[in-house]
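Reader: I am new to reading structures. Could you pick one part of this protein and take me through it closely? Then show me how the rest fits around it.

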Amino acid sequence: MSRIGKNPISIPAGVTVEVSETVITVKGKLGQLSQNYADVTVKVEEGQLLVERPSDSKDHRAKHGLYRSLINNMVLGVSEGFTKELELVGVGYRASNQGQKLDLALGFSHNIVLEVTPEVKLETISEKGKNPIVKLTSFDKQLIGQIAAKIRGFRKPEPYKGKGVKFVGEVLRRKAGKSA
């Protein structure tokens with residue numbers, strides 16, 4: 001049995017779950033998410049969601065833990081929400097936002113302007129003497145991860161000085177330079 005798949009998902013107060021034949025919809029105070037599913041059965045029992053598989057075939061085993069994790073992320077998202085923080089490390093690297101437009105200066109000849117979807121709240125923090133931080137907040141874990149990866153992809157951290165866009169708390173593998 002899948003270790004992740006067999007764990008029940010507790011439904012917090014204020015969250016409603018609707019299960020149909022192929023779609024599960026989760027509504028909460030932060031928003032509404034829906035997910036298609038196949039090859040598993042989802043049951044709601046006394047404030048908990050249970051994901052069960054019909055057999056031990058390879059395909060059913062693979063999807064058992066997958067759909068349990070996706071549904072758990074949906075429940076956590078609409079009740080608490082998710083936050084990702086990116087740090088800009090480098091001389092002259094700046095970040096600012098006007099509404100949902102993120103303006104990044106990452107050492108290129110031009111600034112990068114990214115229009116962020118309205119489901120994601122955008123905030124930039126710039127303190128004197130510290131690296132600028134881009135803070136993303138949303139109820140959709142998949143969407144926030146995709147946007148954060150896109151921002152990081154504009155200038156990935158390099159292994160010698162660590163310059164670039166990195167997640168806050170991310171540990172980079174550093175290399176010694178020529179002098180070492």
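Author: Two strands pair if DSSP finds at least two bridges between them. Helices and strands are themselves DSSP runs, numbered from the N terminus: H or I over at least four residues for a helix, E over at least two for a strand. What you see is a predicted model, where local features need pLDDT of at least 70 and side-chain atom pairs need 80 or more, while totals for chains, interfaces and linings use all residues. Numbering starts from 1 along each chain as its sequence is written, and side-chain values use heavy atoms, without hydrogens or water.

The part to study is a sheet and the helix on it. Four strands make up this open sheet, in the order β11-β12-β7-β13. Their pairing is antiparallel. Look at the edges next. There you find β11 (121-125) and β13 (164-167). Each has a single partner strand, so one side of each has no neighbour in the sheet. Now compare directions. Neighbouring strands are turned by 20° against each other on average, with direction ignored. (Axes are lines fitted to C-alpha atoms, for helices over the stretch in contact; angles run from 0 to 180 degrees between N-to-C directions.)

Zoom in on one pair. β7 and β13 run antiparallel, joined by 4 bridges. Within that pair, glutamate 87 faces lysine 166 of β13. Then comes the helix. α2 packs on the sheet and touches β7, β12 and β13. Its direction makes about 5° with that of β7.

What lies inside? The largest nonpolar core has 21 residues. (Such a core is a set of buried Ala, Val, Leu, Ile, Met, Phe, Trp, Tyr and Cys residues joined through side-chain atoms within 4.5 Å. Buried means under 20% relative accessible area, exposed over 50%, and partly exposed in between, with a 1.4 Å probe and protein chains only.) Leu88, Leu104, Val134, Leu136 and Ile151 touch the most other members. Several elements give two or more residues: β7 (82-89), β9 (101-105), β10 (112-115), β12 (133-138) and α2 (141-154). The largest share comes from α2, with 5 residues.

Isoleucine 151 is worth finding on screen. Beyond residues up to four places away in sequence, it touches Leu86, Leu102, Leu104, Leu114, Leu136 and Val165. (Contact means heavy atoms within 4.5 Å.) Now find isoleucine 147, which lies in helix α2. It counts as buried because its relative accessibility is 11%. Its contacts are Val116, Thr117, Val120 and Leu136, once neighbours within four places in sequence are set aside. Leucine 106 is 41 residues from isoleucine 147 along the chain, and 17 Å separates their C-alpha atoms.

One core member takes us to a hairpin. β9 pairs with strand β8 (residues 94-98), in the antiparallel sense, over 5 bridges. Leucine 104 of β9 stands opposite alanine 95. Between the two strands of this hairpin there are 2 residues. Glycine 99 takes a positive phi near 70° in the hairpin.

Now move along the chain to another sheet. It is open, with 3 strands in the order β2-β3-β4 and antiparallel pairing. β2 (16-19) and β4 (32-36) are the edge strands, and each pairs on one side only. Neighbouring strands here are turned by 15° against each other on average, direction ignored. Between β2 and strand β3 (residues 23-27) there are 4 bridges, and the pair is antiparallel. Valine 17 has valine 26 of β3 as its bridge partner. Helix α1 (residues 58-79) packs on this sheet. It touches β3 and β4, and its direction makes about 170° with that of β4. Histidine 64 sits in α1. Its relative accessibility is 0%, so histidine 64 counts as buried.

Finally, step back. The protein has 2 helices and 13 strands. Its C-alpha atoms fill a box of roughly 60 × 40 × 25 Å along the principal axes. Of its 180 residues, 32% count as buried. Take the contacts between residues at least 6 apart in sequence: 51% of them join residues at least 24 apart.
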